[in-house]
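Here's a quick briefing to read with the structure open beside you. It goes topic by topic, so feel free to jump around.

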Amino acid sequence: MKVGVLSFLLMFVGLPAYAHEHAQGEVRYFAGMAGVITPMMEYIPKGEIDAEKATIIDHYRVVYDADKRLKSIKYFSRGKPSNEAYFQTHEVRYSYPNSQRIREYFGADGAAMAMWRHYYGSANIQKEIYTRDGDIVTLHMFGLEDERVTAGTGSHEYRADYSDTRGFIQTQFKEDGTPNVIFDYLPFETSVITRNEFGYLYQILQIDPESGAVIDHDEAGFAEMRLMFDEYGSENGWEFRNAKGQLANRAATAVDPGYARWLYEFEWEDQRLGRFRVMNEYYETADGSSFCSNDVVCLRRMKFDAHRNVISSETFGADGGLVTDPGAGYAKVELDYDAQGRRTEARYMGADGALRTTGVAVRRTYYDAAGAAITEEFDHAGDLIPAAE
């Protein structure tokens, strides 16, 4: 079977068959969701768990129909339906009329709800309709009123061609029919998207739309974005490479220029399930040197609770000490949440580890009976900062 055809089947049908198939389909549980960078790849649940484990950790409940196709994906946190899923709603439902695959999104209350993913850059999409014609799959997006919509990235239509043996060729189009970029950080118009040996996202290659050859992108400064997923579906970083496959620093004209590798290191709680409590994030140039954002921040360390909430974020300089991030205005923030996962307090520190002495040092949020947020801000001495009129 050609690689292109296999990739199409993975996208259109979903995950591989169960070990034990039921006539009416089957329910499975997963601890997380592997990352994708395009709506033309299907969601990939990862870290399978049993029903008993699902009663004690946040998880996805995935239902497959009798034909082994995805039927629904629902996310649960703290034992309750949650809208904090990978797609920022509680549920995505599938249907397969004729030669189409349809994904529709719903909130924890069961009502239709707009989803969000970074590759769309907007929250105006409630339904996605994929239509197959031979090797070509076309995607159109629709809003809450069933109106055709354009994503925040400017793409009105996506098209994937599965005839290429490397993967599938993706092109995005504006409403006027001209090609669009994937998004500003990855400004490719025509791309081959491939998977690694574990079935996870591997490469986004800029190609010449006529010849299909991999070509460097002048503005970006690279031809390839390579993603490093391990066998469990955890993302360990990104690399940028030129048309020859060599590491290449992002060009001065690109968004976030100067580095060739964006890397993550984890302190694992359970690597198979993708569960961690600490993540270090840092950058390297093509020659392996450390890259410091704004020549200041060389490493960011984030700590998480059991529900994926960030409970602290710190920035460090070249000497390994805390430094103030010029963009954020603090070196460390500590965050608290209530039993419903809502943020209740944020404490902002300077490079000395103490509450910062300028601006807001503490922000507290309360919630009324209707769930509306009421926020109060305090300086480092604990004095209330009057709200602006």
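What follows covers the disulfide, the aromatic pairs, the charges over rings and a run of paired strands. Keep in mind that this is a predicted model. In short, there's one disulfide, and the aromatic pairs come to 29.

**Disulfide**
- The bond joins Cys-292 and Cys-298, with 1.9 Å between their sulfur atoms.
- Both ends are tucked away: Cys-292 is buried, and so is Cys-298.
- As for handedness, the S-S torsion of Cys-292 and Cys-298 is about 95 degrees, so this disulfide is right-handed.

**Aromatic pairs**
- Out of the 29 aromatic pairs in the structure, two are picked out here.
- One of them is Tyr-43 with Phe-87, a tilted pair with 5.2 Å centre to centre and 45 degrees between the planes.
- That pair links distant parts of the chain, with 44 residues separating its members: Tyr-43 belongs to the loop between strands E1 (26–34) and E2 (44–49), while Phe-87 belongs to the loop between strands E5 (80–81) and E6 (91–95).
- Tyr-43 and Phe-87 are both buried.
- Another is Tyr-259 with Tyr-283, also listed as tilted, at 4.6 Å centre to centre and with 50 degrees between the planes.
- Here too the pair links distant parts of the chain, 24 residues apart: you'll find Tyr-259 in the loop between strands E17 (235–241) and E18 (261–270), and Tyr-283 in strand E19 (residues 275–284).
- Tyr-259 has a relative accessible area of 2%, so it's buried.
- Tyr-283 comes in at 15% relative accessible area, and since the cut-off for buried is under 20%, Tyr-283 is buried as well.

**Charges over rings**
- Arg-69 lies over the face of Tyr-96, 4.1 Å from the ring centre.
- Arg-117 puts its charged end over the ring of Tyr-86, 3.6 Å from the centre of that ring.

**Strands E7, E8 and E9**
- Strand E7 (residues 100–106) runs antiparallel to strand E8 (residues 127–133), and five bridges join them.
- In that pairing, Arg-103 has Glu-128 of E8 opposite it.
- On to the next partner: E8 is joined by seven bridges to strand E9 (residues 136–142), again antiparallel.
- Thr-131 has Thr-138 in E9 as its bridge partner.
- E8 and E9 make a hairpin with two residues between them.
- In the turn of that hairpin, Gly-134 has a positive phi of about 65 degrees.

Definitions and conventions:
Residues are numbered from 1 along each chain as its sequence is written. This is a predicted model: local features need pLDDT of at least 70, side-chain atom pairs count only at pLDDT 80 or more; totals for chains, interfaces and linings use all residues. Side-chain values use heavy atoms; hydrogens and water are left out. A disulfide is a pair of cysteine sulfur atoms within 2.5 Å. Buried means under 20% relative accessible area, exposed over 50%, partly exposed in between (1.4 Å probe, protein chains only). Rings of Phe, Tyr and Trp (its six-membered ring) pair if their centres lie within 6.5 Å; planes under 30 degrees apart count as stacked, over 60 as edge-to-face and the rest as tilted. Helices (H or I, at least four residues) and strands (E, at least two) are DSSP runs, numbered from the N terminus. A charge sits over a ring if NZ of Lys or CZ of Arg is within 6 Å of the ring centre and within 35 degrees of the ring normal. Two strands pair if DSSP finds at least two bridges between them.
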